[in-house]
Structure formats: C-alpha cells, structure tokens
Amino acid sequence: MGSKTRILDATMLVFRRHGFRRSSIEQVAEAAGLTRQALYHHFESKEALFRAVIERVHESAIAAEEIAVAAAETAGGNLGDILATGMTARMSTMIASLDGSPHLEELYSEHLVHARDLYQTYAARYAERMVATIARTVRKQQLALPQSLSPIEFARLVEMSVYAAKSQYPAMQPSDAFLKDMAIMVRTLCAGAIPKSVPKSAKPPVKKAAIKQKPTRRTTGGPP
C-alpha cells in the first residue's frame, strides 16, 4: 500500500469518526502512522485531504456504475433494469463510504462547501455516462423514448427523480428504503420507453384469400 492510499484510508476513517469540523491533521497523521510533517508532504491542509477522499469516492462510484451497467446489458436487461442497476451501484458505493458515521449530514453539507466544483464536475460526468447508456440501449433495443424525448432530455429526468428521492431521505438514510424508492422511480420513468413501431414498408405483405366466383348464366344462344 502506498503512502497516499494509506493517508486517504486514514482520512476517511477520521472523518467518519469525528466529522469534518472536529477532525484534524494530527488525527489523520496518527491514524496513518505518519508524522505531521510527512503528511504535509502529500497534502497541504485538512481541506485538501477532504477533497481527495471525496474525489476517490466519486471515482469508485463511477467504476461501480460502469460495471453494473455492463453486467445488466450483457444479461439482456431492459432500459429500466440497466439504469436502475447502474444508479443503485453508484449510490450504494457513495453510501458505503460513510456507512455508520454519526456525522453524515455534516459531511454531506461540508462536501458542498469545500468541494462544490468537484460535485459539479462529477455530476456532469455522471450525466454524460447516463446519456451514452440511454442512447446505446435505445439504439440496440430499437426503443422510442416517451414524449419523443432525446437521450439528453430523458437522462435529465432520471437524475431529477434521484434528487427527488434524496429530498425524502436526508443523507440518503435509511439507505435500503432510499435505494428501493429511487430504483422504483427510475424504472417507472423507463416504463414509458417502448419498442418502435415497424415501418409499413417493412411489414410482410398480407395475402388475400382467394374469392371463389359463382358460375354465371349464359345470356346468349339457347335456353339457360
């Protein structure tokens, strides 16, 4: 294990245990088995440490989402299966990073204070990946999105549904209930994506049944 990895592991442990405000460089150095001077060689401040662990959480969440999406696609899942599975993997990874901490709300709020730019950067990356997943699935499965939405527009609605779920569960707790409701909302949105109708030109011609003609009476010459 490298020094930076050991420091970040120790940082996460300290923040989970004490929250952001009550944590210190000294506590992190002690947890990492380093001197304060050695820690400063890698990170200049507590805020820099906090940003580094946040960045690592987001990178882990992206990796988990990509693996889950790929597995759902390989299994032949529908759009709802693919997106709900990916979102659940992403959010589960984030929740697990702070699982058991009594300072969840403080850490989430400090996240926006000290790393709002990281939040915005990763929000954009999550959105880009979701748009790509939706576009790929729509193309492969020949789907029509509801209301003729584009993949970009549909991805925005999916992300909005996640924010709505978060508003009902502060700090995404209890996590099981949050993840369940979030997945239901995503699947409900995706239920509006239906297979495209087959163009008329592509439909096989309908064979008309042969009509038997009745014999007609002769109208000329001799008796009927």
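**Notes on a predicted helical chain**

1. Leaving aside neighbours within four places in sequence, His-103 is in contact with Arg-16, Arg-17, His-18 and Gly-19. His-103 sits in the loop between α5 and α6. Is this loop residue buried or exposed? With 18% relative accessibility, His-103 counts as buried, because the cut-off for buried is under 20%. One thing to keep in mind from here on: this is a predicted model.

2. Now the overall layout. The chain has nine helices and two strands, and along the sequence they run α-α-α-α-α-α-α-β-α-α-β. There are 224 residues in the chain, and buried ones make up 37% of them. If you take the contacts with a separation of 6 or more, 72% of them join residues 24 or more positions apart. The chain exposes about 13,800 Å², and 56% of that comes from carbon and sulfur atoms.

3. Next, the inside. The largest nonpolar core holds 55 residues, and those touching the most other members are Leu-39, Leu-79, Leu-83, Ile-134, Phe-154, Phe-178 and Met-182. Two or more residues each come from α1 (3–18), α2 (25–32), α4 (46–74), α5 (79–97), α6 (104–114), α7 (116–141), α8 and α9 (175–190). Which element gives the most to this core? That is α4, with eight residues.

4. Phe-154 deserves a look of its own. Not counting residues up to four places away in sequence, Phe-154 touches Leu-79, Leu-83, Ile-134, Leu-145, Pro-146, Leu-149, Leu-189 and Cys-190. Three of these partners, Leu-79, Leu-83 and Ile-134, also appear among the core residues that touch the most other members.

5. For a helix with a clear inner side, try α2. Its buried residues are Ile-25, Val-28, Ala-29 and Ala-32. They lie on the same side of α2, because they cover an arc of only 100° around the axis. What covers these buried residues includes α1, α3 (36–40) and α4. Just after α2 comes Gly-33, which takes a positive phi of about 75°.

6. Then there is a pairing between α7 and α8. Tyr-126 lies in helix α7, while Glu-159 is found in helix α8. The two are 33 residues apart along the chain, and their C-alpha atoms are separated by 9.2 Å. Tyr-126 is buried at 4% relative accessibility. What about Glu-159, buried or exposed? Glu-159 is buried as well, with a relative accessible area of 10%.

7. The contact lists fill in that picture. Not counting residues up to four places away in sequence, Tyr-126 touches His-58, Ala-61, Ile-62, Glu-65, Arg-90, Met-94 and Glu-159. On the same basis, Glu-159 touches Met-87, Arg-90, Tyr-126, Ala-127 and Met-130. Arg-90 turns up in both lists, so if you are browsing the model, you might start from there.

8. Helix α8 also has an outward story. Leu-157 is placed in this helix, which spans residues 151–168. Together with Met-160 and Tyr-163, Leu-157 forms a nonpolar patch on the surface, with about 250 Å² of accessible area. At 30% relative accessibility, Leu-157 counts as partly exposed.

9. Some backbone oddities sit on either side of α8. In the loop between β1 (143–144) and α8 you will find Ser-148, whose phi is near 55°, a positive value in a residue other than glycine. Ser-148 is exposed, with a relative accessible area of 72%. Ala-171, in the loop between α8 and α9, has a positive phi of about 60° although it is not a glycine. Is Ala-171 buried or exposed? Ala-171 is buried, with a relative accessible area of 18%.

10. One last item from the loop between α8 and α9, where Pro-174 is found. The peptide bond from Gln-173 to Pro-174 is cis, with omega near -5°.

Definitions and conventions:
Residues numbered from 1 in each chain as written. Predicted model: local features only at pLDDT ≥ 70, side-chain atom pairs only at ≥ 80, totals over all residues. Heavy atoms only, no water. Patch = residues over 30% accessible without salt bridge, like charges linked within 9 Å, V, L, I, M, F, W, Y side chains within 5 Å. Areas by Shrake-Rupley, 256 points an atom, 1.4 Å probe, with all protein chains shown as cover. Salt bridge = Lys/Arg side-chain N within 4 Å of Asp/Glu carboxyl O. Helix = DSSP H or I, 4+ residues; strand = E, 2+ residues; numbered from the N terminus. Buried < 20%, exposed > 50% of the residue type's maximum accessible area, 1.4 Å probe, protein only. Core = buried A, V, L, I, M, F, W, Y, C linked by side-chain atoms within 4.5 Å. Contact = heavy atoms within 4.5 Å. Arc of directions from axis to C-beta.
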